[in-house]
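Morning, everyone. I'll take this one from strands to helices to cores. Here is the chain.

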Amino acid sequence: MSRITPHLVRAVTVLLIGASLALTLAQQAGTVGPWWLELSRYVPYTALLLPGMLALPLACWLGWRWVAADLIALAAVAWLAMGFVWGQPDAGEMPLRLMTYNVKAYMAAERPNGYAELRHEVALHHPDILLAQDNRGSALAAALQPGDAGDFALPHVFGIDQYIIASRYPLRDCHLVSVGDANPATRYAECTVDVNGVALQVATVHFESPRGGLMAARREGLEGADDWERNHTDRLAQARALAQMLRAAPRPLVLAGDLNAPQSSAVIRTLLDTGLRDAFASAGRGYGFSYGQAMRMRMNLGLALSFLRIDHILVSPEIGVAD
């Protein structure tokens, strides 16, 4: 009968801790990596923490130095891989509350009072400017204007394609911009907002969804890797085309929307390379997860658990971020 030896326990522990640390550090590179590295950015954080958790009882058996090493690996995953931030608010003189919201109007249409729920969600956060995506076929744009929304109304509303830009301040020069080709996912809407004498450029965009590529990778394994890689490549191409246009855009500038990519990805880094910064990373506290609650985990276990921050507000340096 074989016997578990200290050498074997050490080897397994090193493998678990090393794999956890190596993946975490690789994710921070922000460059276009192999398909499996890009895929790992979308893995639920419970799976990312699993190697360190499995190593913990082995580390306890080996001694306190091994426990310390494993706790460092777990901390690295919790901080870096999961995207924990502890930002510092900027000072400012002209407060402005901005909201980005993928309204998923096609789902609201299937629920009783679905559009009313969307209006209630917007009213709950009381934005000065709303940048919404995924709004095809919805009556939300009209309902945000005075007369239909009770005490809450945004008097200036521009709706086109899947986008809504609604504001308490006057809008002008609103239009839809094509980025690259005619695919709706490569278009964005933009307006100039006159905020107390300051002309602010705002734009909202919705990048290609990773859902198809993720499903292919999950169901088909290595055979689905090509689908996932094409999915990520398309999203990266959208980011590069948009970044080229943003470099020439007027400032100050706000770009917000469902970018379908976490901040560590090359997709977001491409946009940040234009001089924009992520508002949550600048002044947020914690994780800021905005998606995950609608995935299979909820349907199977009854859990509403977010684990991805794929919705972003990016601002140019002229704009301070208070929260």
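One definition before we start: two strands pair if DSSP finds at least two bridges between them. Keep in mind that this is a predicted model.

With that, go to β5, residues 163–167. A132 stands opposite I164 in β5. The strand on that side is β3, residues 129–133, and β3 and β5 pair in the antiparallel sense over four bridges. Now the other partner. β4, residues 156–160, is joined to β5 by five bridges, again antiparallel. Here G159 has I164 as its bridge partner in β5. So much for pairing; now the turn. β4 and β5 make a hairpin, with two residues between the strands. D161 sits in that turn and has a positive phi of about 55°.

Is β5 covered or not? Mostly covered: five of its five residues are buried. Y163, I165 and S167 point one way, I164 and A166 the other way, and all are buried.

Next, the open sheet. It has six strands, with mixed pairing, in the order β6-β7-β8-β9-β12-β10. Which strands stand at the edges? They are β6, 171–178, and β10, 277–278. Each has a single partner strand, so one side of each is left without a neighbour in the sheet.

Inside the sheet, look at β7, residues 187–195, and β8, residues 198–206. The two run antiparallel, joined by eight bridges. One pair to click on: E190, whose bridge partner in β8 is A203. Helix α9, residues 225–246, packs on this sheet. α9 touches β6, β7, β8 and β9, and its direction makes about 165° with that of β9.

That takes us to the cores. The largest nonpolar core has 56 residues. V202, L242, L255 and L271 have the most contacts inside this core. Which element gives the most to it? α9, with six residues. Take L271 as an example. Leaving aside residues up to four places away in sequence, L271 touches F207, A239, L242, A243, L246, L255, L259, L276 and L314. Another core lies apart from the largest one. This other core has 15 residues, among them A105, A141, L144 and A166. You have met A166 already, as one of the buried residues of β5. As background, in soluble globular proteins nonpolar side chains tend to be buried together.

Now helix α1, residues 6–27. A quick check on its length. At 1.5 Å a residue, its 22 residues should span 32 Å, and the end C-alpha atoms are 32 Å apart, which agrees. Buried in α1 are V9, T13, L16, I17, S20, T24 and Q27. Why do they fall on the same side of the helix? Because they cover an arc of only 110° around the axis. The general rule behind that spacing: an α-helix has 3.6 residues a turn, so residues three or four places apart point the same way. What covers the buried residues of α1? The cover includes α2, 35–40, α3, 45–62, and α4, 64–81. Turn the helix round, and the face away from its buried side carries the exposed residues H7, L15 and L25.

Last, the whole chain. Its secondary structure comes to twelve helices and twelve strands. The C-alpha atoms fill a box of roughly 80 × 45 × 40 Å along the principal axes. Of the 323 residues, 44% count as buried. Among contacts with a separation of 6 or more, 65% come from residues 24 or more positions apart. That's the tour; over to you.

Note on methods: Residues numbered from 1 in each chain as written. Predicted model: local features only at pLDDT ≥ 70, side-chain atom pairs only at ≥ 80, totals over all residues. Heavy atoms only, no water. Contact = heavy atoms within 4.5 Å. Axes fitted to C-alpha atoms, helices over the stretch in contact; angles between N-to-C directions. Expected span 1.5 Å × (residues − 1). Buried < 20%, exposed > 50% of the residue type's maximum accessible area, 1.4 Å probe, protein only. Arc of directions from axis to C-beta. Core = buried A, V, L, I, M, F, W, Y, C linked by side-chain atoms within 4.5 Å.
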